Amino acid sequence: MFIVKHPLAWLAPLALVAHSVAAEPFTLRSADIAHGEFMSKAQEFAGFGCNGANRSPQLSWSGAPAGTQAFAVFAYDPDAPTGSGWWHWQLVNIPSTVTSLPSGAGDAEQPRAPKGSQHTRNDYGVAGFGGACPPEGHGAHRYQFTVFALSQPLELPAGASAALTGYMVKAHALGSASLEALYKR
């Protein structure tokens, strides 16, 4: 026999169900790239023997955790033959009111990134997006695009390395969402 000791005790299970239904997962989408699919020449680097358009893909996200004060977007190739992968893009301090980046927002010379955001130096040695350029015949590389929800905007020194930027982002991350595209030459 089930005995209710508090007249409102039946509300607790309903509150848990309502919370799980209402909580939207943190997700990342793109109109230009798809998870598990090959990227186009538009996302290939222009240099190092590659001749693509070097255009960062459109990205949009939803379901950021409560308390998000800023976002960061990373693009990383874990398959680069360097021993430590390859950082293609790090854009930090995206305002918490922004939930998408247009195609080409990674061009540090053009005003397409959100006001207040900051491009850091990629492994090509320049600020902004540096597209895919795996060695010819090296097979398909994975390109991990991740948006991080941050508990606060970051204070990074000028010329911060990708490792320092990654450390600071992960230290203040409330959550993340990723999609992984492919590329080969």
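1. Strand E9 is mostly covered. Of its 10 residues, 8 are buried. Keep in mind that this is a predicted model.

2. E9 has a pairing partner in strand E5, residues 70-77. The two run antiparallel and share 7 bridges. For a fixed point in the register, take Ala70, which stands opposite Leu150 of E9.

3. E9 also pairs with strand E10, residues 173-183. Here the count is 10 bridges, and the sense is again antiparallel. Thr146 marks the register: its bridge partner in E10 is Ser178.

4. Next, the disulfide. The structure holds 1. Cys50 and Cys133 form it, with their sulfur atoms 2.0 Å apart. The torsion about the S-S bond is about 95 degrees, so this disulfide is right-handed. Cys50 lies in strand E3 (residues 50-51), while Cys133 sits in the loop between strand E8 (118-119) and strand E9 (141-150), so the bond ties together parts 83 residues apart in sequence. Both cysteines, Cys50 and Cys133, are buried.

5. Strand E4 deserves a look of its own. Which residues cover its two sides? Leu59 and Trp61 lie on one side, Ser60 and Ser62 on the other, and all of them are buried. Both faces of E4, residues 59-62, are therefore covered, given that buried means under 20% relative accessible area.

6. E4 belongs to an open sheet of 3 strands, in the order E1-E4-E7, with antiparallel pairing. E1 and E7 are the edge strands, each pairing on one side only. As a reminder, strands of a sheet pair through backbone hydrogen bonds, either parallel or antiparallel.

7. The bridges of this sheet can be checked by residue. Strand E1 (residues 27-29) and E4 share 3 bridges, and Thr27 stands opposite Ser62 in E4. Between E4 and strand E7 (residues 100-101) there are 2 bridges. Ser60 has Ser100 of E7 as its bridge partner. Leu59 stands opposite Leu101 in E7.

8. Leu91 is worth inspecting. This residue lies in strand E6, residues 86-95. Is Leu91 buried or exposed? Its relative accessible area is 0%, so Leu91 counts as buried. Leaving aside neighbours within four places in sequence, its contacts include Phe71, Ala72 and Val73. Leu101 is also in contact with Leu91, and Leu101 is the E7 residue that stands opposite Leu59. Among the other contacts of Leu91 are Ala113, Pro114, Ser117, Gln118 and His119. One spacing can be checked as well: the C-alpha atoms of Leu91 and Asn122 are separated by 9.9 Å, with their positions 31 residues apart along the chain.

9. His119 touches Leu91 in turn. Its place is in strand E8. At 19% relative accessibility, His119 counts as buried, because the cut-off is under 20%. What does the side chain of His119 meet in polar contact? The side chain of Trp89 does so, at 3.4 Å. The backbone oxygen of Ala105 also lies 3.4 Å from a polar atom of the His119 side chain.

10. The wider surroundings of His119 complete the picture. Not counting residues up to four places away in sequence, His119 touches Trp89, Gln90 and Leu91, among others. Ala105, Gly106, Asp107 and Ala108 are also on its list. So are Ala113, Ala127 and Gly128.

Technical notes. Residues are numbered from 1 along each chain as its sequence is written. This is a predicted model: local features need pLDDT of at least 70, side-chain atom pairs count only at pLDDT 80 or more; totals for chains, interfaces and linings use all residues. Side-chain values use heavy atoms; hydrogens and water are left out. A disulfide is a pair of cysteine sulfur atoms within 2.5 Å. Helices (H or I, at least four residues) and strands (E, at least two) are DSSP runs, numbered from the N terminus. Buried means under 20% relative accessible area, exposed over 50%, partly exposed in between (1.4 Å probe, protein chains only). Two strands pair if DSSP finds at least two bridges between them. Contact means heavy atoms within 4.5 Å. A polar contact is a pair of N or O atoms within 3.5 Å; within protein, one must be able to donate a hydrogen and the other to accept it, and residues adjacent in sequence count only if both atoms are side-chain atoms.
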